[in-house]
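Here are my notes on the model you sent over. Please read them with the structure open beside you.

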Amino acid sequence: MALWTPSQNLSVVFSPPSNGSEARMRGMWRRRDSVMVRTASSEVSSSAGGEMAAYEEGQLERPNWAGETPLSRLVGAIISFKPLYSVLKLGARQVLISTAEKTNIPWREMTKEILESDVYKEMGSIENPSVVYPDYYLNPFHAYDEGNLSWLAAAEAEAATMSMVRRATPDASSLEEANKIVRGNWLQAIDRHHLQYSGSTIRDILDVGCSIGVSTRYLADKFPSAKVTGLDLSPYFLSVAQYKEKKRASRKNPINWVHANGEDTGLPSKSFDLVSMAYVLHECPARAIVGLVREAFRLLRPGGTIALTDNSPKSKVLQELSPVLFTLMKSTEPFLDEYYLTDLEGKMREAGFVNVTTVLTDGRHRTVTGTVPLL
């Protein structure tokens, strides 16, 4: 889950389609390193029923503050100085909370509501005591010393997710409109890829790294006839996910929550039509990204679709972040450099995926989709 999302001035146009016509997508396609890359034109319509503006790529392959550049090494040296790191971590957290509340996201109230609820009772039915946590997962994340293995991180996750969406679309007039853009375009990219390259009915969906289930619920709402499973390494996050799901109206197909490692899920091979990972990979070292992609390939049926949405290295917004913002961001994301240096499309092809396609679904994020070849 992406917690740190610096704000930028991104112009987003959102308007209803004319004449009540079905949403239409016309993308601008080009070839780059044998991978199809699509940037949204001004006529690309979101699955929410409106249109999104073009999202501009930067001139670099990745931000110059990421990877092995002198600037990246300088930032790394600053972060590695422990007294300064503590200050940066505290500053990043305060910025997150204050900026969320400036956009009418009641961070503190939402957190308090979860922490004072009966969510703790869900842990017994969620936690898998046989799970072995990989070493990278035990690192501090997002200004939490315990990373994702804490009640505070789980309690704050929904507000953080709202803030991410709101700040990815700063010109949206409301959180609802921001979600229509960010979530709507992501879901549309999935739907269109699967229809184009598979055409089969999506019956079973796995949401890997589902956190507290926000993306999982969007998938369940988009594909109501499908059986949806949310999988995460944090039993704390999954406890909140299950608790919140119980509070809403019952579904025809209840969401199943699984505590497991996305690199080795233990789930049956060829048992899903769609495997999604939303804002997960930037939190992983390169070896874990490879493991997650390979496991997704194993889990998908022939013709199945993988959908990976996360920060886009080509995003003009991210490439133009100010030094203060990208330093704060990197202080809470220990594997950001490895993510930006990973050829994600290439790793997908190496795992066996075909029809690998990248689309910028908002000013900061890309959705990369691929298909398991038909037999």
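**Notes on the predicted model**

1. **Second largest pocket: lining.** Five nonpolar, four polar and four charged residues make up the lining of the second largest pocket. The pocket belongs to a predicted model. Its volume is about 260 Å³. Of the 13 lining residues, Ile79, Tyr85, Lys330, Ser331 and Pro334 lie nearest the centre of this pocket.

2. **Second largest pocket: helices.** Which helices each supply at least two residues of this lining? They are helix 1 (70-80), helix 2 (82-102), helix 11 (323-331) and helix 12 (336-341). Helix 1 gives the most, with three residues.

3. **Confidence.** The average pLDDT of the protein chain is 84. A score of at least 70 is reached by 85% of the residues. Residues 2-50 are another matter: over this stretch the pLDDT is below 50. In the model, the stretch still has 146 contacts beyond near neighbours in sequence. Please keep that score in mind when you look at those contacts.

4. **Overall make-up.** The protein chain has 13 helices and nine strands. It runs to 375 residues, and 59% of them count as buried. Take the contacts between residues at least 6 apart in sequence: 76% of these join residues at least 24 apart.

5. **Largest nonpolar core.** This core has 51 residues. Met277, Met348 and Phe353 have the most contacts inside it. Helix 9 (residues 286-299) gives the most to the core, with six residues. A second, separate core has 26 residues, including Trp186, Ala241, Ile255 and Ala278.

6. **Met277 up close.** What does Met277 touch, leaving aside its neighbours within four places in sequence? Val208, Leu292, Ala296, Ala307, Leu308 and Thr309 are its contacts. Met277 is also one of the residues with the most contacts inside the largest core.

7. **Cavities.** How many cavities of 30 Å³ or more does the structure hold? There are three. The largest of them encloses about 250 Å³ of space. It is lined by 20 residues, and Tyr137, Gly209, Asp232, Val280 and Glu283 are the closest to its centre. By class, the lining has twelve nonpolar, six polar and two charged residues.

8. **Tyr136.** Look for Tyr136 in the loop between helix 4 (123-126) and helix 5 (151-168). Is Tyr136 buried or exposed? It counts as buried because its relative accessibility is 7%, and the cut-off is under 20%. Not counting residues within four places in sequence, Tyr136 is in contact with Phe141, Glu263, Glu283, Cys284, Pro285, Arg287, Ala288 and Phe335. One of these contacts, Ala288, is 152 residues away in sequence, yet the two C-alpha atoms are 8.8 Å apart. Another, Glu283, is among the residues closest to the centre of the largest cavity.

9. **Asn179.** This residue sits in helix 6 (residues 175-197). Asn179 has a relative accessible area of 17%, so it is buried. Leaving out residues up to four places away in sequence, Asn179 touches Val165, Gly184 and Tyr218.

10. **Ala160.** Helix 5 holds Ala160. With a relative accessibility of 1%, Ala160 counts as buried. Ala100 is 60 residues away along the chain, and the C-alpha atoms of Ala160 and Ala100 are separated by 7.6 Å.

11. **Ser211: backbone.** Ser211 is a residue other than glycine with a positive phi, near 60 degrees. The residue lies in the loop between strand 3 (204-208) and helix 7 (214-222). Why is Ser211 classed as buried? Its relative accessible area is 6%, and buried means under 20%, so Ser211 falls in that class.

12. **Lys270: backbone.** Lys270 also has a positive phi, near 50 degrees, and is likewise not a glycine. The place to look is the loop between strand 5 (256-259) and strand 6 (272-278). Met277, covered above, is one of the residues with the most contacts inside the largest core.

Note on methods:
Residues are numbered from 1 along each chain as its sequence is written. This is a predicted model: local features need pLDDT of at least 70, side-chain atom pairs count only at pLDDT 80 or more; totals for chains, interfaces and linings use all residues. Side-chain values use heavy atoms; hydrogens and water are left out. A nonpolar core is a set of buried Ala, Val, Leu, Ile, Met, Phe, Trp, Tyr and Cys residues joined through side-chain atoms within 4.5 Å. Buried means under 20% relative accessible area, exposed over 50%, partly exposed in between (1.4 Å probe, protein chains only). Helices (H or I, at least four residues) and strands (E, at least two) are DSSP runs, numbered from the N terminus. Contact means heavy atoms within 4.5 Å. pLDDT is the predictor's confidence in each residue, from 0 to 100. On a 1 Å grid over the protein atoms alone, a cavity is a set of points where a 1.4 Å probe fits but cannot get out, and a pocket is an open set with protein on both sides within 12 Å along at least five of seven lines; lining residues have an atom within 4 Å of a point. Grid points are joined across faces, edges and corners, and a volume is the space filled by probe spheres set on the points. Ala, Val, Leu, Ile, Met, Phe, Trp, Tyr, Cys and Pro count as nonpolar, Asp, Glu, Lys and Arg as charged, and the others, Gly among them, as polar.
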